[in-house]
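Student: Could we go through this structure together, with you telling me what each term rests on?
Tutor: Sure, have a look and ask away.

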Amino acid sequence: MIAPLDHRSMSPVLKHIRRRERWGAIEIVFWLALIGVIVAFPARAALINEMLIAGLFALSLDLILGLTGVVSLGHAAFFGLGAYTAAILAANGWGDPLLGLAAALAPAALVGLLTAPLLLRGADLARLMVTMGVALMLGELANKNEWLTGGADGLNFTVAPLFGHVSLGSMGVGPRNAALFSLVVLFILFAFARRLRASPFGISLEGLRENRLRAGALGVDTSRRIVAIYALSAAYAGIAGALSAETTQIVSLDVFDFHRSADVMLMLIIGGAGWLYGGILGAAVFIGVRDVVSAWTPEYWEFFIGLMLVVLVLSGRERLTARFRR
Amino acid sequence: MTVPALEARGLIRRFGGLTATDNVSFSLAPGARQALIGPNGAGKTTLINLLTGVLKPSEGAVLLEGEDITNLSASARVRRGLARTFQINQLFPDLSPTESLGLAISERQGRGADFWRPAGKPEVVAEIEDLLDRFGLTDVYDQPTRSLPYGKQRLLEIALALACRPRVLLLDEPAAGVPEEERHDILAALAQLPADVAILLIEHDMDLVFTFATRLSVLVAGRLLCEGTPEEIANDERVKAVYLGEDAHG
C-alpha cells in the first residue's frame with residue numbers, strides 16, 4: 001500500500017523521498033507547450049519531429065549514462081537496429097506504425113542484453129571502445145546483407161496510416177501528425193523513465209553510479225542492475241530509431257554512423273545528464289542551432305556547437321539547471 | 001555450544017610471494033563485541049576483505065551462522081546478513097542520507113529491483129526516520145551527502161551498514177579521521193548498536209577498543225598472535241613487545 005500523497009500530512013522525510021515522483025507545474029506547462037508549438041507551427045513540424053526523436057534517443061542514453069554512470073559511444077547501434085527493423089517490416093507489407101515500434105524494441109533490447117556483460121569490466125575507455133565496436137559491426141552487417149537492408153542504396157518502404165487513417169507522410173498534415181505521434185511516444189516513454197527514476201530500482205542505479213563498491217556492500221547486485229538498465233536503454237533507442245524511420249520514411253546505413261552516437265552524447269551533455277529532461281532540451285538546442293546556423297553557413301555550423309560546448313562547460317551549466325534537477 | 005555468528009577456518013591469502021593472511025582461524029559469537037587489533041601492515045584490511053568477499057582466500061573457509069559462504073559474492077554475503085563499514089568513507093555523494101538509507105533498506109527487503117512503485121513505503125520511511133534519529137542525521141536528512149560534515153558522514157557510514165539489519169557487522173576503523181570533539185558521537189553510536197548483532201571492530205585507537213570490546217584478537221604479520229579479554233591482552237608480554245617495538249620506531 002502506498003501512502004496517499006497528501007502533502008500537508010506527509011513527514012518531511014517522506015516528502016523528500018517522493019519528490020521525484022511529483023509532477024511540478026513547470027513540467028506540465030512544458031509538455032502542453034510542446035503540443036502548442038506543433039499545432040501552431042505546422043510548417044516546422046518536420047524539424048520539431050526530428051527534435052523529439054533525437055530527444056527520445058538522448059533520453060535513452062541518459063538512462064545508462066546519466067542515471068547509471070555507464071558511458072557509451074555506440075548507442076547508434078540500437079537506434080539503427082530499431083530503424084531497420086521498422087523499415088524492413090514496412091517494406092514487407094507490415095507497415096503499421098505501432099507494430100513497427102513494438103517490433104523494433106525486441107531486437108534492440110536483445111542486442112543490449114547480449115552486449116551489456118561486455119560493459120561490466122574494465123574502465124570507461126574500454127566501454128567507449130566496446131560500445132563503438134558493436135555499432136561498427138552492426139553497421140557493416142547492414143551494409144553486407146543487402147538482400148535484407150538494401151545496402152548502400154537504402155530501402156524502399158511505405159508506412160501505413162496510424163490506426164488505419166492518420167497519415168504520417170510528408171504531404172499535407174502528415175508532418176504535423178508525425179510530430180504529434182512522436183510527442184506521444186516520447187511522453188509515454190519519458191513518464192515511464194521518470195517513474196523508474198523515483199523507484200527503488202532508479203535509486204539503486206544512482207547509488208551504483210555514485211559508488212559501485214558501496215552499492216555492492218549494501219547488497220545491490222550491481223552487474224544485474226547494469227545489464228537490466230542497458231537493455232531498457234537499448235529498447236528506448238530502438239524505438240527512437242523506428243520512430244525516425246516511420247515518420248521520415250527514410251532509412252540508410254548512416255543510422256549506424258559514429259557521428260550519430262557522438263551527436264546524441266553532445267545533446268545529452270548540452271542539456272545535462274541524469275535528470276531526464278536534459279536529452280530533450282539538448283536535442284532541441286542542438287538541432288535548433290544547426291537549423292538556424294546552417295541556413296547562414298551550411299558547412300561550418302558545427303563550429304557553433306563546439307563553441308557552445310566550450311562555453312557551457314566553462315560557465316558551469318550545472319548551476320543553471322541545478323534548481324530543477326534534484 | 002551455539003553456532004558462531006561468523007567463523008574463519010584456516011584462512012590463507014597469498015599475493016605472489018607474500019602471505020598477507022597466514023592461517024587465520026577465529027570465531028565471533030552471536031552478539032559479540034570483539035576487536036581486531038594489530039600494528040600497521042598486520043593484514044587487517046586483507047582479512048576484512050576475505051571475510052566480506054572482496055577477496056577470495058587462497059585456502060580456508062568463511063562461515064556465516066554455520067553456513068559456508070566462501071564462494072559467495074560480496075553482495076550475496078550482505079543479503080545473508082554480513083555487513084561492513086569502510087575505513088575511508090564509501091558513500092553516495094549526490095544522494096541524501098534519506099535516499100542512501102532507503103536504498104539500503106529496499107535492498108534488504110528484496111525490493112531493490114522494483115522499477116514501478118515509487119520509493120517510500122510507509123514502513124521504509126519509518127525505518128529511515130528511526131535511523132536518522134539514532135545517528136543524529138535528522139537535521140541533514142535531505143542534504144546531498146557530499147555537503148555533510150565529516151563526522152556526520154562517518155555516522156552515515158555506520159547507519160548504512162545497520163540498515164542492512166546484519167547478523168554480523170564489521171566496523172573498519174569507524175573513528176578514523178574524526179576530530180577529537182566529535183569522537184563521542186561515534187562512541188555513542190557504537191554503544192547503542194543492537195545487542196544481538198555480532199560486531200568485529202578493526203581499530204587502531206586503543207581507547208576506543210578498550211571501551212567497546214569485551215574480547216580482543218591481535219593480528220601480527222598475517223597471523224593471529226593471541227586472543228583474550230582486554231585485561232589479558234593488555235598484560236600479554238608478546239603484545240607489549242609488538243606495540244612497544246612499533247612505538248620505538250614511530
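**Talking through the two chains**

Student: How many residues does each chain bring to the contact?
Tutor: Chain A gives 31 residues and chain B gives 39. Two residues are in contact if their C-beta atoms, placed from the backbone, lie within 7 Å. Keep in mind that this is a predicted model, where local features need pLDDT of at least 70, side-chain atom pairs count only at pLDDT 80 or more, and totals for chains, interfaces and linings use all residues. Residues are numbered from 1 along each chain as its sequence is written, while chains are lettered from A and ligands numbered from 1 in the order in which they are written.

Student: Which elements give two or more residues to the side of chain A that touches chain B?
Tutor: Those are α1 (12–17), α8 (174–197), α9 (200–210) and α10 (212–217) of chain A. The largest share, 8 residues, comes from α9(A). Helices (H or I, at least four residues) and strands (E, at least two) are DSSP runs, numbered from the N terminus.

Student: What makes B:N49 buried?
Tutor: A residue is buried if 20 or more other C-beta atoms lie within 10 Å of its own, exposed if 12 or fewer, and partly exposed in between, with C-beta atoms placed from the backbone. B:N49 has 20 other C-beta atoms within 10 Å, so B:N49 is buried. This residue lies in helix α1 of chain B. Leaving aside neighbours within four places in sequence, B:N49 is in contact with B:V54 and B:L55.

Student: What does helix α1 of chain B pack on?
Tutor: A sheet! Let me start with that: 6 strands of chain B form an open sheet in the order β6-β7-β8-β3-β9-β10, with mixed pairing. Helix α1 (residues 44–52) of chain B touches β3 (33–37), β6, β7 (168–172), β8 (198–202) and β9 of that chain.

Student: Why are β6 and β10 of chain B called edge strands?
Tutor: Each of them pairs on one side only. Two strands pair if DSSP finds at least two bridges between them. Take β9 (residues 215–220) of chain B and β10(B): 5 bridges join them, and they run antiparallel. B:L216, for example, has B:G228 as its bridge partner in β10(B).

Student: How do you know that β1 and β2 of chain B pair?
Tutor: Same kind of check: β1 (residues 6–15) and β2 (residues 18–28) of chain B share 8 bridges, in the antiparallel sense. B:L11 has B:V24 as its bridge partner in β2(B). Their hairpin has 2 residues between the strands, and B:G16 there takes a positive phi near 60°.

Student: Why is α5 of chain B called mostly covered?
Tutor: Of its 14 residues, 12 are buried. B:K152, B:R154 and B:E157 are among them. The buried residues of α5(B) pack against β6, α3 (97–108), α4 (122–134), β7 and α6 (183–191) of chain B.

Student: What span is expected for α5(B), and how far does it reach?
Tutor: The expected span is 1.5 Å times one less than the number of residues. For α5 (residues 150–163) of chain B, with 14 residues, 20 Å is expected, and the helix reaches 20 Å from its first C-alpha to its last.

Student: Which residues touch the most other members of the largest nonpolar core?
Tutor: Among them are A:L56, A:A58 and B:A159, in a core of 174 residues. A nonpolar core is a set of buried Ala, Val, Leu, Ile, Met, Phe, Trp, Tyr and Cys residues joined through C-beta atoms within 7 Å. Helix α3 (residues 45–67) of chain A supplies the largest share, 15 residues.

Note on methods:
Axes fitted to C-alpha atoms, helices over the stretch in contact; angles between N-to-C directions.
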